[in-house]
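Work through the exercises below with the sequence and coordinates open. Each task is followed by a solution in steps.

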Amino acid sequence: MPPSNYINFQRFLAAKKSVDDSSINRHVLHHLAKELANRSYPGQLQVVEVGAGIGTMLERLTGWQILPDVCYQAIDLDPANIKEARRLLPVWSSAMGLEMTETPDGGELFAKDGSRHIAVSFAAMDIYDWIAGQGENKTFDLLIAHAFMDLVDASRALTAMRSVVKKDGLLYLTANFDGITILEPPLDPALDRHILSLYHDSMDKRLVNGRLSGDSKTGRHLFSRLSEQGIGLLAAGSSDWVVFPAAGRYPGDEAYFLQYIISLIETTLKGHASLEAGSFRRWISERRSQIEQGKVVLIVHQLDFLGFVS
Ligand SMILES: C[S@@+](CC[C@H](N)C(=O)[O-])C[C@H]1O[C@@H](n2cnc3c(N)ncnc32)[C@H](O)[C@@H]1O
């Protein structure tokens, strides 16, 4: 198979923003906004986002006026994501009419308007290393993980993550995949089912540094994982991705988003023993043409949670 053109992760994350903007569960989001408004934070609200990608959650929560005065730390393993997040922050801040400044060493960026002061710092690190470096400090009022918990061992990650959150501090865990992917219209229903089922299986078998990392039913499993970690639940609800063309065209860069998902399936399952190579190649190519023609609808079941450290 020739290499796919749809493999730029930072562009995928940027394209994903409009999909996530629509899918984020509004009930859970409003509960977060209410909690933040009802609590008092001496100084600034201290937030950490793990697996922050290119910073779209910070952009969203700032744009939607969910965050008050805030000190926001964005952590991501991939330096290319952090580099892009730093490049984009002044771009979207200025579009929102925020005034930007930077510390002389470039370590921290500040955005402010008449009422809010947003201090942002970035770290390109593995979250476990970053958390280990925090020692016993329970510094954070709010921890955010968006489209992240399904990539890791949720129990291990929650143990680490809750260790940096203050007592009664909040965890906003969003876009947690929950085992259902639908592509419409069907091509070959049996092959569609087989490919998506193998793709889900691959999430359950993913190894990172020799450890199982990921779960295709993270959403539903988080109810018990949170409880096991002494994290009380304040709100939960679905945040399904629903990507569809309107009058034959996808909004924003969502056609790229869909093509990237097809690339993920392609690279994950290429050479799989239980897939006939020719049929799989044709399936990938037909799905790509359907996207080009504005014919594909993608539905992905996900769940959002707001919890607190008890
Ligand atoms: C699906 S992306 C989501 C990114 C971002 N939250 C968003 O939705 O746009 C998951 C992110 O988690 C990061 N990641 C995965 N494992 C990590 C780890 N152990 N430590 C830090 N970041 C990690 C990846 O580099 C990737 O950017």
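A residue counts as buried if 20 or more other C-beta atoms lie within 10 Å of its own, as exposed if 12 or fewer do, and as partly exposed in between. By this criterion, buried residues make up 38% of the 310 residues in the chain. The model is predicted.

**Exercise 1. Overall form**

Task: Describe the secondary structure of the chain and decide how its radius of gyration compares with the globule rule.

Solution.
- Step 1. The chain holds 10 helices and 12 strands.
- Step 2. The globule rule gives 19 Å for 310 residues, and the radius of gyration of the chain is 20 Å, close to that figure, so the chain is as compact as a globular protein of that length.
- Step 3. Along the principal axes, the C-alpha atoms fill a box of roughly 60 × 40 × 35 Å.
- Step 4. Of the contacts between residues at least 6 apart in sequence, 81% join residues at least 24 apart.

**Exercise 2. Two helix pairs**

Task: Classify the packing of helix 9 with helix 10, and then that of helix 7 with helix 9.

Solution.
- Step 1. Helix 9 (residues 254–269) and helix 10 (residues 277–292) have axes 10 Å apart, at an angle of about 175 degrees.
- Step 2. Angles over 145 degrees count as roughly antiparallel, and therefore helix 9 is roughly antiparallel to helix 10.
- Step 3. Helix 9 contributes A255, L258, Q259, I262, E266 and L269 to this contact, while helix 10 contributes F280, I284, R287, R288 and I291.
- Step 4. Sorted by class, the contact of helix 9 with helix 10 has 7 nonpolar, 1 polar and 3 charged residues.
- Step 5. For the second pair, the axes of helix 7 and helix 9 come within 10 Å and cross at roughly 75 degrees.
- Step 6. The range from 65 to 115 degrees counts as roughly perpendicular, and so helix 7 is roughly perpendicular to helix 9.
- Step 7. On the helix 7 side the contact is made by I195, L198, Y199 and S202, and on the helix 9 side by I265, T268 and L269.
- Step 8. The contact of helix 7 with helix 9 divides into 5 nonpolar, 2 polar and no charged residues.

**Exercise 3. Backbone geometry**

Task: Which residues does the cis peptide bond join, and are Q65 and A175 buried or exposed?

Solution.
- Step 1. The cis peptide bond joins E184 and P185, with omega about -5 degrees.
- Step 2. P185 falls in the loop between strand 7 (165–184) and helix 7 (189–204).
- Step 3. Q65 is not a glycine, yet its phi is positive, about 60 degrees. Q65 sits in the loop between helix 3 and strand 2.
- Step 4. Within 10 Å of Q65 there are 10 other C-beta atoms, so Q65 is exposed.
- Step 5. A175, also a residue other than glycine, has a positive phi near 55 degrees. A175 is part of strand 7.
- Step 6. A175 has 27 C-beta neighbours inside 10 Å and therefore counts as buried.

**Exercise 4. Two strand residues**

Task: Place H117 and G237, and explain why H117 and G237 count as partly exposed.

Solution.
- Step 1. H117 belongs to strand 5 (residues 117–124), and G237 to strand 10 (residues 231–238).
- Step 2. H117 counts as partly exposed because it has 14 C-beta neighbours inside 10 Å. G237 counts as partly exposed because it has 15.
- Step 3. Leaving aside neighbours within four places in sequence, H117 is in contact with D69, F110 and K112. With the same exclusion, G237 touches N25, H27, V28 and D304.
- Step 4. H117 and Q44 are 73 residues apart in sequence, with a C-alpha to C-alpha distance of 8.5 Å. G237 and E35 are 202 residues apart along the chain, and their C-alpha atoms are separated by 17 Å.

**Exercise 5. The ligand shell**

Task: Which residues come nearest to the ligand, and how does the shell divide by class?

Solution.
- Step 1. There are 19 residues around the ligand, and G51, G53, L77, I127 and A147 come nearest.
- Step 2. Helix 1 (9–23), helix 3 (56–63) and strand 2 (70–76) each supply at least two residues of the shell.
- Step 3. By class, the shell has 10 nonpolar, 5 polar and 4 charged residues.

Key: Residues are numbered from 1 along each chain as its sequence is written. This is a predicted model: local features need pLDDT of at least 70, side-chain atom pairs count only at pLDDT 80 or more; totals for chains, interfaces and linings use all residues. Helices (H or I, at least four residues) and strands (E, at least two) are DSSP runs, numbered from the N terminus. Two residues are in contact if their C-beta atoms, placed from the backbone, lie within 7 Å. A residue is near a molecule or strand if its C-beta atom, placed from the backbone, lies within 6 Å of it. Ala, Val, Leu, Ile, Met, Phe, Trp, Tyr, Cys and Pro count as nonpolar, Asp, Glu, Lys and Arg as charged, and the others, Gly among them, as polar. The radius of gyration is taken over C-alpha atoms; the globule rule is 2.2 Å times the number of residues to the power 0.38. Axes are lines fitted to C-alpha atoms, for helices over the stretch in contact, and angles run from 0 to 180 degrees between N-to-C directions. Angles under 35 degrees count as roughly parallel, over 145 as roughly antiparallel, 65 to 115 as roughly perpendicular and the rest as oblique.
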